[in-house]
Amino acid sequence: MTNPTASLVLASASPARKKLLLAAGVEPSIVVSSVDEDAVTAAARETYGELAAEDVALVLARAKAEDVASQLEHALVLGCDSVLELDGEVHGKPADAAVAIERWSRMSGRSGVLHTGHWIIDTRDSDAGGTGATLGATASTTVHFARLETAEIEAYVATGEPLRVAGAFTLDGLGSPYVAGIEGDPSNVVGLSLPLLRELLEEMGIAWRTLRSASSARGN
């Protein structure tokens, strides 16, 4: 393991991801990517053929990390992207309220799989503990949805929350009463699997405690 502290740059505007990291003792810097998600997935399908849902999440996470890493030196950049797999189809954020209502009508009383892709790029100099590594993986969690009446679906969608999140639901917000249970890592459903992130960092030779140390140093 390398000993120098490592500051994390999160390539995401998601307040839920930032909150997860903060709760775990890591204070990330935020640099939002300008990736065109539709263009990235279209290009990947043209190159590799049809993509599984977990691959879509990973391709987008990598694109976001690479976009931000190309702008920064001496950084440890994390890109993430989440999609919901339901009936073999891949769903990100619903385009509008009508789509969200239709989506929830299908999800009600059923189960889907929330995939979150994670990609890390280390652009730090070797004398600062940099590894030069770039790697990623996808975490997948099965989500069981409660059975909802149409009026309840419409009321939830009217809050606007489902339009802002992949899969049109949250585990840590207004949508939490509508999640009957999960199988797997709960932080992954929120948008960032903390156990997987720790494992990826270990593969890169970066101890999780060094991120906490870096956060503490910034706070002093």
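**Helix α3 and its surroundings**

Me: What do the buried residues of α3 pack against?

Reply: They pack against β1 (8-10), α2 (37-48), β3 (76-86), β4 (89-91), β5 (111-122) and β6 (134-145). Contact means heavy atoms within 4.5 Å. Helices (H or I, at least four residues) and strands (E, at least two) are DSSP runs, numbered from the N terminus. This is a predicted model: local features need pLDDT of at least 70, side-chain atom pairs count only at pLDDT 80 or more, and totals for chains, interfaces and linings use all residues. Residues are numbered from 1 along each chain as its sequence is written, and side-chain values use heavy atoms, without hydrogens or water.

Me: What makes α3 largely enclosed by the rest of the structure?

Reply: Twelve of its 17 residues are buried, so the label follows. Buried means under 20% relative accessible area, exposed over 50%, and partly exposed in between (1.4 Å probe, protein chains only). Among the buried residues are Ala53, Val56, Leu60 and Asp67.

Me: How do you know that the length of α3 agrees with its residue count?

Reply: The expected span is 1.5 Å times one less than the number of residues. For the 17 residues of α3 (residues 53-69) that gives 24 Å, and the end C-alpha atoms are 25 Å apart, which agrees.

Me: Why is Lys64 called buried?

Reply: Lys64 has 10% relative accessibility, so it falls under the cut-off and counts as buried. This α3 residue touches Ala11, Ser33, Val35, Glu37, Cys80 and Asp81, not counting residues up to four places away in sequence.

Me: Why is Ala43 called partly exposed?

Reply: Ala43 sits in α2. Its relative accessibility is 40%, between the two cut-offs, so it counts as partly exposed.

Me: Why are α2 and α3 called oblique to each other?

Reply: Their axes come within 10 Å and cross at roughly 120°. Axes are lines fitted to C-alpha atoms, for helices over the stretch in contact, and angles run from 0 to 180 degrees between N-to-C directions. Under 35 degrees is roughly parallel, over 145 roughly antiparallel, 65 to 115 roughly perpendicular, and the rest oblique. The pair is therefore oblique.

Me: Which residues of α2 and α3 meet?

Reply: Glu37, Val40, Thr41, Ala44 and Arg45 in α2 meet Val56, Val59, Leu60, Ala63 and Lys64 in α3. By class, the contact has six nonpolar, one polar and three charged residues. Ala, Val, Leu, Ile, Met, Phe, Trp, Tyr, Cys and Pro count as nonpolar, Asp, Glu, Lys and Arg as charged, and the others, Gly among them, as polar.
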